Amino acid sequence: AFLDRRAAVRPGDPQALTDAAAAHIDLAVLATWTPGAGLAGGAAGFEAAPDRIPTDVAERHLYTGLRYLRAARAANPLTARAHARLGVYAGYFQSSEPAAVHFARAKRLMPVDPDIWFFSGREALARGDEAAAWSDWRRSLAQSSLHLGSILRAARGKLNAEEIRAKLLPDDPAVLLAAANVLYPDPVGQAAERRPFLEEVAAADRPGLPVERLMIVADALAWLGRPDEAAAVWRRAADAEPDRVDVRSRFAGFLESEERYEEAIEQLEWLRQEQPRNEAYRDRLDAAKHALKLRREIEGK
């Protein structure tokens, strides 16, 4: 009610109009929620997708929200959210431009918004344009993995794993690994199916990759049985942000697991100096030194 009054006194303000539109559309979506004993295994959830609002609910809220969106677009044609939501709900108008036209405008105005590319791709798939859907969804995932689960569920019946990697997934180690975890959540039982995704993760390494991505690449290389390459990537991650305790600790853990004790001691000594009260680092350092001593004794050095 407050947002309605605000829009009424500021009819030329696109922000006031889009805020009021969002409130009405949210109410329409929430009206499809079915309460249930979710914690007891009930079926709480939405009766309809956000763009499939029952007629009675649409009459109470959705149509008002759409009128606000058109007013916001008229007040400022550069309001990307208005174009995007008009695309989502284009089917509710008696006379409207195709949804793809609305989405095209929104994508030009906000090309890095993952939601716009996701909904545009979903609309493309609904009208049978699979190539456009895969392209839009790849762009969405290049910005964020927010919609990864929904995209994979929609595409899995139409694309095989190789096609998913080629057509949907950007060369982002985090997205590739997340896709493997969604499609093949059992690292042991589904190791063969996960391997091509991890190979893609390793292949996605490149100069300037953020530390979080470098750690994913290093883990993939280790899983693939390429420890020397993994160690080199871990070293790059540690050098890129030398003061990060978490990076050094994980690097040391990898080196310990590979019995590369001299390299592990270097990292553990840094960690011990950085956090002298951390007994776990002290114990790991002592264990690495002891293991290195035993190895040298066995090797006669």
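This is a short tour of a predicted model, with a suggestion at each stop of what to select and what to look for.

**Stop 1: the whole chain**

Start with everything shown as a cartoon. You should find 16 helices and two strands. Turn the C-alpha trace to view it along its principal axes, where it spans about 85 × 45 × 45 Å. The radius of gyration is 26 Å, whereas a compact globule of 301 residues would come out near 19 Å. If you colour by burial, buried residues account for 40% of the 301. For contacts between residues at least 6 apart in sequence, 50% link residues that are at least 24 apart.

**Stop 2: His24**

Now select residues 14–30, which form helix α2, and pick out His24 within that helix. Is His24 buried or exposed? Its relative accessible area is 10%, and since buried means under 20%, His24 counts as buried. To see what surrounds this side chain, show Asp4, His61, Thr64, Gly65 and Tyr68 as sticks: these are the contacts of His24 once neighbours within four places in sequence are set aside.

**Stop 3: α11 against α12**

Next, select residues 191–203 (α11) and 211–223 (α12). The two axes lie 9 Å apart, and the helices pack at an angle of about 135°. That angle makes α11 oblique to α12, and their crossing is left-handed. For the contact itself, show Ala191, Arg195, Leu198, Val201 and Ala202 on the α11 side. Facing them from α12 are Ile216, Val217, Ala220, Leu221 and Trp223. What kinds of residue make up this contact of α11 with α12? Nine are nonpolar, one is charged and none is polar.

**Stop 4: α12 against α13**

Keep α12 in view and add α13, residues 227–240. Here the axes come within 8 Å of each other and cross at roughly 165°, which means α12 runs roughly antiparallel to α13. This crossing, too, is left-handed. On α12, select Val211, Leu214, Met215, Val217, Ala218, Asp219, Leu221 and Ala222. On α13, add their partners Glu229, Ala230, Val233, Trp234, Arg236, Ala237 and Ala240. Colouring the residues of this contact by type gives 12 nonpolar, three charged and no polar.

**Last look**

Before you leave, highlight Val217 and Leu221 in α12. Both take part in the contact with α11, and both also appear in the contact with α13.

Definitions and conventions:
Residues are numbered from 1 along each chain as its sequence is written. This is a predicted model: local features need pLDDT of at least 70, side-chain atom pairs count only at pLDDT 80 or more; totals for chains, interfaces and linings use all residues. Side-chain values use heavy atoms; hydrogens and water are left out. Axes are lines fitted to C-alpha atoms, for helices over the stretch in contact, and angles run from 0 to 180 degrees between N-to-C directions. Helices (H or I, at least four residues) and strands (E, at least two) are DSSP runs, numbered from the N terminus. Angles under 35 degrees count as roughly parallel, over 145 as roughly antiparallel, 65 to 115 as roughly perpendicular and the rest as oblique. A crossing is left-handed if the near helix is turned anticlockwise from the far one by less than a right angle, and right-handed if clockwise. Contact means heavy atoms within 4.5 Å. Ala, Val, Leu, Ile, Met, Phe, Trp, Tyr, Cys and Pro count as nonpolar, Asp, Glu, Lys and Arg as charged, and the others, Gly among them, as polar. The radius of gyration is taken over C-alpha atoms; the globule rule is 2.2 Å times the number of residues to the power 0.38. Buried means under 20% relative accessible area, exposed over 50%, partly exposed in between (1.4 Å probe, protein chains only).
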